[in-house]
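Let's take a friendly walk through this protein together, moving from single residues to the whole chain and back again. Keep the sequence and the 3D view at hand as you read.

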Amino acid sequence: MPFPLTLEQKQTAFWLAVWAAFFFLLVTLGPILTPFLAAAIFAYALNPGVDALHRVRLHRWQVPRALAVVLVMLLFFSAITTLVLIVVPVLQKEIPLMQAQIPAFLAKINDLLGPRLQEMGVKIRLDSIGIKKLVSQQMATSGDEIWTTILNSARTGGTAVLGWLATLVLIPVVLFYLLLDWHAMLARIAACVPRRWIGATVAMAEEVDALLAQYLRGQLLVMLVLAVYYSAALGIAGFEVALPVGIITGLLVFIPYLGFGLGLILALISAVLQFNDLSGMVAVAIIYGAGQVIEGFFLTPRLVGERIGLNPLAVIFALMAFGQLFGFVGVLLALPASAILMVAFKHLRSHYLRSSFYNA
């Protein structure tokens, strides 16, 4: 005969079910939470600056928090705009050059691989004439399918563009209100925690805050050092776009693998367009290989890795899991959220090892 539940046990089960349903709802609404998650990340990073500016006193006049929020947001979005203005001219310059170089590039590939493919019985030309002929044949045999695919892609792409525009518009609005009510919002969240757990919850939150603060400071130092290194190294190697490509590679390193990959692709494109031989490709391989060694064995372990303590498999899993749940913002959120989960798991494991269930 089962034992009847006490009133406290019933209340605990009820509120655990409510919280489980709430988190399930958050996961279900993952795609529309993107601007709110992005704004929360930016608010956490920018709040110390707002607090510092809000504490400034000029004689008897203190800077209002609303004005401090506006000034910090203007500085933040001005920095992002400056980065975009550095990147866009590079793309505008390289894309036409790349289009002009494509025929010669395809001709080199055809001269290199064409004879070997013919020896294997594959009769195809890899130059511009052969590619045009192949595309024309495919369009002639499956024209209806191609147009259907193009229309579906346009429809999907239009929806994605509208979604990105809505996200870009919402992020500054949500960020403003989060920064304005940051401390009051944290107090309301703390007030919702059951009183018997408030001490442990506050201690865990302080531990997470210290960990994330160290992570952000370390990551910022890594970004600045790598931006200087890649810009200087590409400049010494004679690249015309050394400064923008170096800055992009360094500043986007906070997105694991994606930042380095994007910078490497831009550098390789520049090497193909600017140099007539393989010297540019060799220079890119040496510079980016040395950059990975410096980042992986010196900068990240000393400035970031030791403070978070995640092994590479955990990092890859976190990137894939959070990317699946929350899209691109989930990739940005992966490492800080993993640090939070790691702190929670450490406390849970400690509680489990002290429990009678484990020790009985």
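Is V193 buried or exposed? Please keep in mind as you look that this is a predicted model. With a relative accessible area of 17%, V193 is buried, because buried means under 20%. You will find V193 in the loop between α6 (182-191) and α7. Setting aside residues up to four places away in sequence, V193 touches I198 and T201.

Now step back to the whole chain. The protein chain has 12 helices and two strands. Reading along the sequence, you meet them in the pattern α-α-β-β-α-α-α-α-α-α-α-α-α-α. The chain has 360 residues, and 28% of them count as buried. Its accessible surface is about 23900 Å², and carbon and sulfur atoms account for 73% of that area. Contacts can also be sorted by their separation along the chain: of those between residues at least 6 apart in sequence, 67% join residues at least 24 apart.

Helix α7 is a good place to look next. This helix covers residues 198-236, which makes 39 residues. What should such a helix span at 1.5 Å a residue? The expected value is 57 Å, and the end C-alpha atoms of α7 are 56 Å apart, so the two agree. After α7 comes G238, a glycine with a positive phi near 95°.

Within α7 itself, S231 deserves a stop. S231 counts as buried, with a relative accessibility of 13%. What does S231 contact, once its neighbours within four places in sequence are left aside? The partners are A242, L243, G246 and I247.

From here we can move into the nonpolar interior. The largest nonpolar core has 24 residues, and those with the most contacts inside it are L234, F239, V245 and Y288. The elements that give this core two or more residues are α7, α8 (242-251), α9 (258-274) and α10 (279-308). V245 makes a handy starting point for exploring it: leaving out residues up to four places away in sequence, V245 touches L234, G263, L266, A267 and Y288. Two of these partners, L234 and Y288, are also named among the residues with the most contacts inside the core. There is also a second, separate core of 15 residues, which includes A43, V72, M73 and L178.

Let's turn to charges. Side chains of opposite charge can pair when their charged atoms come close. How many salt bridges does a search of the whole structure find? The search finds two.

One of them joins R65 and D51, with the closest N and O atoms 2.8 Å apart. R65 belongs to helix α3 (residues 65-119) and D51 to helix α2, and the two residues are 14 apart along the chain. Both R65 and D51 are buried. For D51 the relative accessible area is 13%, which is why D51 counts as buried. The side chains of D51 and R65 also make a polar contact, at 2.8 Å. Apart from residues up to four places away in sequence, D51 touches R65 and H183.

The other salt bridge takes us back to α7. Here the side chains of E207 and K346 meet, with an N to O distance of 2.6 Å. Because E207 lies in helix α7 and K346 in helix α11 (residues 312-354), this pair ties together parts that are 139 residues apart in sequence. How does the setting of these residues compare with the buried R65 and D51? E207 counts as partly exposed, at 26% relative accessibility. K346 is partly exposed too, with a relative accessible area of 47%.

For a last stop, return to helix α2, which covers residues 34-54 and holds G49 as well as D51. At 36% relative accessibility, G49 counts as partly exposed, whereas D51 is buried. Where does V69 sit relative to G49? The two residues are 20 apart along the chain, and their C-alpha atoms are separated by 8.7 Å.

Notes: Residues are numbered from 1 along each chain as its sequence is written. This is a predicted model: local features need pLDDT of at least 70, side-chain atom pairs count only at pLDDT 80 or more; totals for chains, interfaces and linings use all residues. Side-chain values use heavy atoms; hydrogens and water are left out. Helices (H or I, at least four residues) and strands (E, at least two) are DSSP runs, numbered from the N terminus. Buried means under 20% relative accessible area, exposed over 50%, partly exposed in between (1.4 Å probe, protein chains only). Contact means heavy atoms within 4.5 Å. Accessible areas come from the Shrake-Rupley method with a 1.4 Å probe; for residues, only the protein chains shown count as cover. The expected span of a helix is 1.5 Å times one less than its number of residues. A nonpolar core is a set of buried Ala, Val, Leu, Ile, Met, Phe, Trp, Tyr and Cys residues joined through side-chain atoms within 4.5 Å. A salt bridge is a side-chain nitrogen of Lys or Arg within 4 Å of a carboxyl oxygen of Asp or Glu. A polar contact is a pair of N or O atoms within 3.5 Å; within protein, one must be able to donate a hydrogen and the other to accept it, and residues adjacent in sequence count only if both atoms are side-chain atoms.
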